[in-house]
Amino acid sequence: HDATSETLKQIKALNLGWLMQNAYYFAAPSFVAKYAKSITHSPPIGSAIAMGLKTGGGTDASRVMSYNPFSALQWMLDGRTVNGLPTRKAAELPSREDALRIWTQGSAWFAFAEKQRGTLAPGYLADFAILSDDYMTVPVRQIGNIQSVLTNVGGRIVHASAPFFK
């Protein structure tokens, strides 16, 4: 199961990072049965942010989650499983900005690419997507439904849907 506060402190002291994944989204009933005492703070995203721990986000899509990053972001923000079961107390839920920062800058740090990607800034790779909804304002329960309507990678359009598709 997830890192304890003691483990997070050790990771921080060693100047390492913590990569969290959203296994609870689909597998919560089995995790709840096995780790009932820790489910309200697993994963301890808020604790990691509060201590300034380098944190990245991923889906582990080959085993436990959809490849869709918006499903994962929704789960980070509301802590609810696919069937609505709450798994984290409010103190462990990040803000929208923090969740996005974990997903972008945090994950770039784990790839040793924090000076090339993860931030929209001069000198960084400028891959981007135009989304169907505004991640910062859409209701949290709808974030998982966000889709890219236009995706640009390496200066080329690699995906387009209406109205951008020709």
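Helices and strands here are DSSP runs, numbered from the N terminus. With that settled, welcome to the tour; the model you have open is a predicted one.

**Stop one: the largest pocket.** Start by selecting Leu100, Trp103, Thr104, Gly118 and Asp127. Among the 34 residues that line the largest pocket, these five lie nearest its centre. The pocket itself has a volume of about 1,200 Å³.

Now colour the elements around this pocket. Four strands each supply at least two lining residues: S1 (17-21), S2 (54-58), S3 (128-131) and S4 (148-153). Helices H4 (69-78) and H5 (96-110) do so as well. Which element gives the largest share of this lining? It is H5, with eight residues. If you colour the lining by class, you will find 16 nonpolar residues, 14 polar ones and four charged ones.

**Stop two: where H4 meets H5.** Keep H5 in view and add H4. The axes of these two helices come within 10 Å and cross at roughly 135°. An angle over 145 degrees would count as roughly antiparallel and 65 to 115 as roughly perpendicular, so H4 is oblique to H5. The crossing is right-handed.

For the contact itself, show side chains on both helices. On the H4 side, select Pro69, Ala72, Leu73, Met76 and Leu77; they meet Arg96, Ala99, Leu100, Ile102 and Trp103 of H5. What classes of residue make up this contact? Nine are nonpolar and one is charged, with no polar residues. Leu100 and Trp103 may look familiar: both take part in this contact, and both are among the residues nearest the centre of the largest pocket.

**Stop three: the second largest pocket.** Stay with H5 and select Leu53, Thr55, Arg101, Gln105 and Gly106. They lie nearest the centre of the second largest pocket, which has 15 lining residues. About 260 Å³ of space lies within this pocket.

Here S2 and H5 each supply at least two lining residues, and H5 gives the most, with six. Colour by class once more: this lining has four nonpolar, six polar and five charged residues.

**Last view.** Show both pockets together with H5, which gives eight residues to the lining of the largest pocket and six to that of the second largest.

Note on methods:
Residues are numbered from 1 along each chain as its sequence is written. This is a predicted model: local features need pLDDT of at least 70, side-chain atom pairs count only at pLDDT 80 or more; totals for chains, interfaces and linings use all residues. Side-chain values use heavy atoms; hydrogens and water are left out. On a 1 Å grid over the protein atoms alone, a cavity is a set of points where a 1.4 Å probe fits but cannot get out, and a pocket is an open set with protein on both sides within 12 Å along at least five of seven lines; lining residues have an atom within 4 Å of a point. Grid points are joined across faces, edges and corners, and a volume is the space filled by probe spheres set on the points. Ala, Val, Leu, Ile, Met, Phe, Trp, Tyr, Cys and Pro count as nonpolar, Asp, Glu, Lys and Arg as charged, and the others, Gly among them, as polar. Axes are lines fitted to C-alpha atoms, for helices over the stretch in contact, and angles run from 0 to 180 degrees between N-to-C directions. Angles under 35 degrees count as roughly parallel, over 145 as roughly antiparallel, 65 to 115 as roughly perpendicular and the rest as oblique. A crossing is left-handed if the near helix is turned anticlockwise from the far one by less than a right angle, and right-handed if clockwise. Contact means heavy atoms within 4.5 Å.
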